[in-house]
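Please look through the chain below, starting with its overall build and moving on to single strands and loops.

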Amino acid sequence: MNYPLHMDIHPEVTAFFDAGTNTISYVVRDPGSTACAVIDSVMDIDMAAGRITHDGADRMIGFIEAQGYDLEWLIETHVHADHLSAAPYIQEKLGGKIGIGEKILLVQDTFGKIFNEGTEFQRDGSQFDRLFTDGDSYTIGGMPIFTIYTPGHTPACMTHVIGDAAFVGDTLFMPDGGSARADFPGGDAGQLYDSIQKILALPEEMRLFMCHDYGPNGRDIQWETTVGAEKRDNIHVGGGKTREEFVRFRTERDATLSMPRLILPSLQVNMRAGEVPRDKDGRPMLKLPINSL
Ligand SMILES: [Fe+2]
């Protein structure tokens with residue numbers, strides 16, 4: 001694959017771990033300026049109380065303000081099914097544009113039906129400021145970025161490559177964590193394998209940043225590895241595992257998994273770019289569709 005690589009650019013990456021959902025959010029800064037981006041932010045929800053708070057997002061905002069950075073982008077690697085995005089909350093405080101893969105339209109169509117949304121829910125991605133296509137490009141300050149379409153976990157997954165750092169969303173986990181599930185509506189294990197191969201075709205020394213880590217076998221939480229380490233050691237795809245082996249394993253494993261605790265609120269909010277839906281009187285309100293997943 002002929003990627004427009006810039007391995008000589010080393011963005012400064014600061015990670016924020018959300019223990020409630022095992023999500024890692026990032027602030028990525030252009031070392032040549034004050035420009036930065038936020039990747040995969042988290043908004044907190046207490047499901048029992050229906051209470052939304054912003055402690056995690058406030059930590060990121062405080063960091064960006066203290067460093068004197070300028071926020072240019074709020075990137076979602078995909079429509080997350082296990083946590084709510086805080087992108088609009090952060091955008092309101094710090095500005096920046098919210099971007100996601102253009103296949104968000106497929107996710108909006110699928111889940112628009114599941115949540116029986118009316119015509120006021122637009123399925124055209126217009127809730128976002130930018131929809132990225134495969135091989136798209138944009139900048140953070142002086143850093144050029146390119147995107148790789150990496151579906152399989154969801155239909156809208158994109159990997160963002162910023163200098164020598166790639167943000168892979170939920171395509172890969174750390175080598176001892178393997179890969180993410182591919183059984184959500186619109187997911188596909190074969191597609192996920194093909195997407196992972198696109199990432200493994202990047203240079204071996206490329207830094208890879210995960211969206212999740214669950215500390216398998218009791219190890220401490222980690223979020224950074226390399227293409228070379230994943231190729232060698234990833235327990236699901238490393239060592240040259242074939243597509244057939246991966247699809248069989250992934251399909252069998254996924255059949256044993258229960259739905260993520262926050263999937264229903266997450267999708268309703270995240271398919272709206274992080275906005276909480278409102279009822280006919282304008283009050284923030286979430287639905288609980290019964291036996292729909
Ligand atoms: Fe995900």
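The chain contains seven helices and 14 strands. Its radius of gyration is 18 Å, close to the 19 Å that the globule rule gives for 293 residues, so the chain is as compact as a globular protein of that length. The model is a predicted one. Along the principal axes, the C-alpha trace spans about 55 × 50 × 35 Å. Of the 293 residues, 44% are buried. Among contacts between residues at least 6 apart in sequence, 67% join residues at least 24 apart.

An unreviewed UniProt entry annotates residues 22–212 as "domain: Metallo-beta-lactamase". Within the model, this span is 23% helix and 28% strand, and its end C-alpha atoms lie 6 Å apart.

One open sheet has six strands in the order E1-E2-E3-E6-E7-E8, and its pairing is mixed. Strand E1 (12–18) and E8 are the edge strands, each pairing on one side only. From one strand to the next, the twist averages 25°. At the E8 edge, E7 and E8 pair in the parallel sense over three bridges. Ile100 has Leu131 in E8 as its bridge partner.

Two helices can be placed against this sheet. H1 lies across E1, strand E2 (23–29), E3 and E6, and runs at about 155° to E1. H2 packs on the sheet as well, touching E3, E6 and E7, and its direction makes about 165° with that of E6.

Which residues of helix H2 (residues 87–94) are buried? They are Ala87, Pro88, Tyr89, Ile90 and Gln91. These buried residues pack against strand E3 (35–39), strand E6 (70–75) and strand E7 (97–101), and also against helix H1 (55–67). After H2 comes Gly95, with a positive phi near 80°.

Strand E11 (residues 158–162) is a second place to look at burial. Five of its five residues are buried. In a regular strand the side chains alternate between the two faces of the sheet. In E11, Met158, His160 and Ile162 are on one side and Thr159 and Val161 on the other, and both faces are covered.

E11 has pairing partners in E10 and E12. With strand E10 (residues 143–149), E11 pairs in the antiparallel sense over five bridges. One of the paired positions joins Phe146 to Val161 in E11. With strand E12 (residues 165–167), the pairing of E11 is also antiparallel, over three bridges. Here His160 stands opposite Phe167 in E12. E11 and E12 form a hairpin with two residues between them, and Gly163 in the turn has a positive phi of about 60°.

Positive phi values are also found away from glycine. Most residues other than glycine have a negative phi. Asn116, which is not a glycine, has a positive phi of about 50°. Asn116 sits in the loop between helix H3 (104–114) and strand E8 (130–132). Is Asn116 buried or exposed? Asn116 counts as exposed because it has 10 C-beta neighbours inside 10 Å, and the cut-off for exposed is 12 or fewer.

Asn217 is likewise not a glycine and has a positive phi, of about 55°. Its place is the loop between strand E13 (207–209) and strand E14 (224–226). Asn217 has 6 C-beta neighbours inside 10 Å, so Asn217 also counts as exposed.

How values were computed: Residues numbered from 1 in each chain as written. Predicted model: local features only at pLDDT ≥ 70, side-chain atom pairs only at ≥ 80, totals over all residues. UniProt positions renumbered as here; feature names shortened; annotations may be inferred. Helix = DSSP H or I, 4+ residues; strand = E, 2+ residues; numbered from the N terminus. Rg over C-alpha atoms; globule rule 2.2 N^0.38 Å. Buried ≥ 20, exposed ≤ 12 C-beta atoms within 10 Å, placed from the backbone. Contact = placed C-beta atoms within 7 Å. Pairing = 2+ DSSP bridges. Axes fitted to C-alpha atoms, helices over the stretch in contact; angles between N-to-C directions.
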